[in-house]
Every structure is written in C-alpha cells, then in structure tokens.
Amino acid sequence: MMEDDIRPSTLAVNVLTKLCRIIPTWKIIHSHERIDAAYKDPEVRQEIRSNPYCYKGSLRLLTCNQPIKFGLDLEQRLEEVSIPFLLVHGEEDEVRYPSVSNLLFESASSKDKSFKLYRWMWHSLTYGELPENIDTVFEDVTSW
C-alpha cells in the first residue's frame with residue numbers, strides 16, 4: 001500500500017523488477033536515514049547504531065523492491081481482510097504514512113476493526129518512543 005505521491009508508475013515497477021534480476025544487491029538507500037525517521041528516542045537510536053547484530057549497511061535494490069511489489073498486490077485485496085484487527089499508527093510516522101493504515105481500515109470488510117492514531121508519535125510505537133507513549137500503546141492493545 002502506497003501513498004499516491006510516492007507510488008511508482010507501472011513502467012518504474014517493471015524497470016525495478018528487471019534491474020533486481022541483474023543487480024539485486026545494488027546499495028541504494030542509506031539505513032541511517034530510516035533509523036532517524038523511525039525511532040523518536042535518541043537513546044534507542046544510539047542503541048540500534050551500536051548493536052553489532054543490527055544491519056547498518058545501505059538497503060539493497062531487491063530489499064527495497066519487495067515492499068513495493070507486496071504493497072501493490074495487497075492494495076488490490078484489502079477488501080478481503082475480514083478477520084478482527086486493531087491498527088495502531090503514529091501520526092508523525094514518516095516511514096509509513098498514517099493514510100496507508102487508514103486505507104486498510106476503510107477498505108477491509110471486517111466487522112470488528114479499530115484504528116488508533118497516536119498524536120505526536122512516530123513509526124516505532126512499542127520501541128523507540130518515550131516510555132509513557134509505549135505504555136499507552138500497550139494499554140490500548142491489551143484492552144482491545
């Protein structure tokens with residue numbers, strides 16, 4: 001699922017898919033930008049950067065192409081989601097925009113569904129937010 005302003009054209013998707021067959025390991029996106037966008041708490045960002053088991057290299061072409069393919073396919077099938085679900089999303093999320101979650105919420109055929117949009121919160125709601133925000137999210141999830 002993608003925002004209209006970042007949705008690649010069919011031509012771009014086809015070119016990316018073909019390039020993935022030729023140069024799948026081409027490094028195209030620096031991961032430090034994602035860490036800064038996903039985790040609000042500076043201590044958590046530093047913890048992630050210093051973790052020797054956390055991949056810090058640039059994201060590769062094939063890795064970046066998979067969410068595009070998955071999102072475009074999923075978009076065509078959102079109405080098939082019929083199980084109960086709770087969506088939680090940070091209003092200030094710059095990794096995955098809240099409107100993407102809203103699209104799922106509005107399109108799904110499920111009768112039992114809820115969508116919680118947390119004001120001032122970022123992408124990583126259960127790790128990387130301020131402790132009081134994390135507690136709020138966990139309380140909402142367990143009470144749902």
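Helices and strands here are DSSP runs, a helix having at least four residues and a strand at least two, numbered from the N terminus. The model is a predicted one.

**Whole chain**

Start with the protein chain displayed as a cartoon. Following it from the N terminus, you pass elements in the order α-β-α-α-β-α-β-α-β-α. That makes 6 helices and 4 strands. Along the principal axes, the C-alpha atoms fill a box of roughly 50 × 40 × 25 Å.

Next, turn on the surface of the protein chain. About 9,400 Å² is exposed, and carbon and sulfur atoms supply 56% of that area. Colour by burial, and 32% of the 144 residues count as buried.

Select the charged side chains. There are 17 positive and 23 negative charges in the protein chain, and the mean positions of the two groups lie 9 Å apart.

If your viewer can list contacts, keep those in the protein chain with a separation of 6 or more. Of these, 74% join residues 24 or more positions apart.

**Helix α6**

Now select residues 131-143, which form helix α6. What span should its 13 residues have at 1.5 Å a residue? The expected value is 18 Å, and the end C-alpha atoms are 18 Å apart, so the two agree.

Within α6, pick out N133, I134, V137 and D140, the buried residues of this helix. Turn the view to look down the axis of α6: the buried residues fall within an arc of 130°, so they line one face of the helix. Which strands do these buried residues pack against? Show β3 (85-90) and β4 (113-118), since both are in the packing with the buried residues of α6.

Then rotate to the other side of α6. Here P131, E139, T142 and S143 are exposed.

**Residue V81**

The last stop is V81, in the loop between α4 (61-75) and β3. Is V81 buried, partly exposed or exposed? Its relative accessibility is 23%. Buried means under 20% and exposed means over 50%, so V81 counts as partly exposed.

Show what surrounds V81, leaving out its neighbours within four places in sequence. The residues in contact with V81 are then L104, A108, S109 and S110.

Finally, add A12 to the selection and draw a distance from its C-alpha to that of V81. The two residues are 28 Å apart in space and 69 residues apart in sequence.

Key
Residues numbered from 1 in each chain as written. Predicted model: local features only at pLDDT ≥ 70, side-chain atom pairs only at ≥ 80, totals over all residues. Heavy atoms only, no water. Buried < 20%, exposed > 50% of the residue type's maximum accessible area, 1.4 Å probe, protein only. Contact = heavy atoms within 4.5 Å. Areas by Shrake-Rupley, 256 points an atom, 1.4 Å probe, with all protein chains shown as cover. Lys, Arg positive; Asp, Glu negative; His and termini not counted. Charge placed at Lys NZ, Arg CZ, Asp CG, Glu CD. Expected span 1.5 Å × (residues − 1). Arc of directions from axis to C-beta.
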